[in-house]
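Hello,

Here is the structure I promised to pass on to you. Please open it beside this email and have a look around before you read further.

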Amino acid sequence: MKILILGAGQVGGTLAENLANEANDITVIDSDSTRLRELQDRLDIRTVQGKASFPTVLRQAGAEDGDMIIAVTNSDETNMVACQVAKLLYKTPTTICRVRANAYLAKSELFYQREQKKDLDSLRGFPIDVLISPEHLVTKHITRLIEYPGALQVLEFSKGLTRLVAIRATEGGPLVGHELSYLRTHMPKIDTRVAAIFRKNRAIMPQGDTVIEDGDEVFFIAASDHIRSVMSELQPLEKPYKRIFICGGGNIGQRLAHTLENRYQVKLLERDRERCVMLSENLRKTVVLEGNAANKDILLEENIENTDVFCAVTNDDEANIMASLLAKRLGARKVLTLINNPDYVDLIQGGDIDVAISPQQTTIGSLLTHVRRGDVVNVHSLRRGAAEAIEAIAHGDHRSSKVVGKRLDEIALPEGTTIGAIVRHNEVLIAHDHLRVQPDDHVILFLVDKTRIRDVEKLFQVGLTFF
């Protein structure tokens, strides 16, 4: 695919790296020549310096014959206008736009939906095919972590029918020290599949005789109703969370408080007085506090030692890290920290900070969903981009498809790839060798080797006999 990426920041740069490694024709546009030079030194891509929304700059970058534009500059306005220019002047087939401001997102009529309006001449609003809101995605990510105490990552497939969960195996979990096959005898009524195990950052493809060790990062897939039962096999099950403390009242902090306040006791700490007033007017049950989270006295006064989850979600990585470390030292049970700088994520996660959340990796998954070939409806980037989970729909028949009509053990999966589950007519079928793929099945795959993504896509592309 010929893809134009507008913006060479953290998301744009990471996306360019992901897509360039998959043999796409990538051009990155940014006004920062230094950042473009850094990317070009590392990646096999084209770069164009200039303002991404200017028609001349888009033409120079090849918008006239581009397949897709992904607008992820730091300016919502630039992103929206660039998509409009590309669609109206250059008839770009697919425009993807990142928008952060709630003032825009709250007005859905500003954006047309591709499924509803086919005629470009009748468009009203910004012609954006796919709207990405990082704040919305991060809020969902954090909410799922709070719903499942002890999880490192919780990913949804097939509208929440099934979930892929990452959890740290710890001593005291019944399965720790045993072979995976023990799980079936211990929990005969619950079906699950372990998709991958990471031990000391090395991927292990699980077999029935694989022994789970203390400290393993285990990815398993199960129907949503069975998630907690499987988690209890890998670590002593934590009590449900009740008290949530949010540090930072920006877009993410406000969204998170709004999402959680009806189910949990929520406190939100914000240092800006005007912002505090606005938050207190818009949030119903959340207790809004004015102050600095790095102030030990404020945290003690608000009984931080009784807090179940401390979420640091300001725009300042250093402030988030310091506030989280202080809260943990003062007795907070679990600490979730928003980290924009990817170099910090591996550095801090797993110590005093329980889970480091990267907005870039959360956003990348949503973007990749629309780039993947074949009928791919979900993509999740895992382990800072090292692994990937995909939900693809099988089409065709036994003559035109490489998967339809075949038993799972007959499918020539690329090395490092496992099928975790199939969702058929809203029923979750955990992957077993005897299961056959049928047309329109949603197949959920896990890849520990991202370089094999093209081979996986080819499996789900239908041959000419289908047409």
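Below is what turned up, starting with a sheet, then a pair of helices, then two loops.

Please keep in mind that this is a predicted model.

**The sheet**

A good place to begin is the open sheet, which has six strands in the order β3-β2-β1-β4-β5-β6, with parallel pairing. Its edge strands are β3 (46–49) and β6 (130–132), and each of these pairs on one side only. If you compare the directions of neighbouring strands in this sheet, they are turned by 15° against each other on average, direction ignored.

Try zooming in on strand β1 (residues 2–6) and strand β4 (residues 68–71): they pair in the parallel sense over four bridges. Within this pair, I3 stands opposite M68 in β4. Helix α4 (residues 76–90) packs on the sheet and touches β1, β4 and β5 (94–98). The direction of α4 makes about 175° with that of β5.

**Two helices that cross**

Next, find helix α6 (residues 134–147) and helix α9 (residues 251–260). Their axes come within 9 Å and cross at roughly 45°. Because of that angle, α6 is oblique to α9. The crossing of the two helices, α6 and α9, is right-handed.

Which residues in α6 and α9 meet? On the α6 side they are E135, H136, V138, T139, I142, T143 and I146, and on the α9 side N251, I252, R255, L256, T259 and L260. Sorted by character, the residues of this contact between α6 and α9 divide into six nonpolar, five polar and two charged.

**Two loop residues to look at**

Here is a little background for this part. Most residues other than glycine have a negative phi. With that in mind, look at N201, a residue other than glycine whose phi is positive, near 65°. You will find N201 in the loop between β9 (192–199) and β10 (202–204). Is N201 buried or exposed? Its relative accessibility is 65%, so N201 counts as exposed.

H425 is another residue to check: its phi is near 50°, a positive value in a residue other than glycine. H425 lies in the loop between β20 (417–424) and β21 (427–430). Because its relative accessibility is 73%, H425 counts as exposed.

Enjoy exploring, and do write back with any questions.

Best wishes

Definitions and conventions: Residues are numbered from 1 along each chain as its sequence is written. This is a predicted model: local features need pLDDT of at least 70, side-chain atom pairs count only at pLDDT 80 or more; totals for chains, interfaces and linings use all residues. Side-chain values use heavy atoms; hydrogens and water are left out. Axes are lines fitted to C-alpha atoms, for helices over the stretch in contact, and angles run from 0 to 180 degrees between N-to-C directions. Angles under 35 degrees count as roughly parallel, over 145 as roughly antiparallel, 65 to 115 as roughly perpendicular and the rest as oblique. A crossing is left-handed if the near helix is turned anticlockwise from the far one by less than a right angle, and right-handed if clockwise. Contact means heavy atoms within 4.5 Å. Ala, Val, Leu, Ile, Met, Phe, Trp, Tyr, Cys and Pro count as nonpolar, Asp, Glu, Lys and Arg as charged, and the others, Gly among them, as polar. Two strands pair if DSSP finds at least two bridges between them. Buried means under 20% relative accessible area, exposed over 50%, partly exposed in between (1.4 Å probe, protein chains only).
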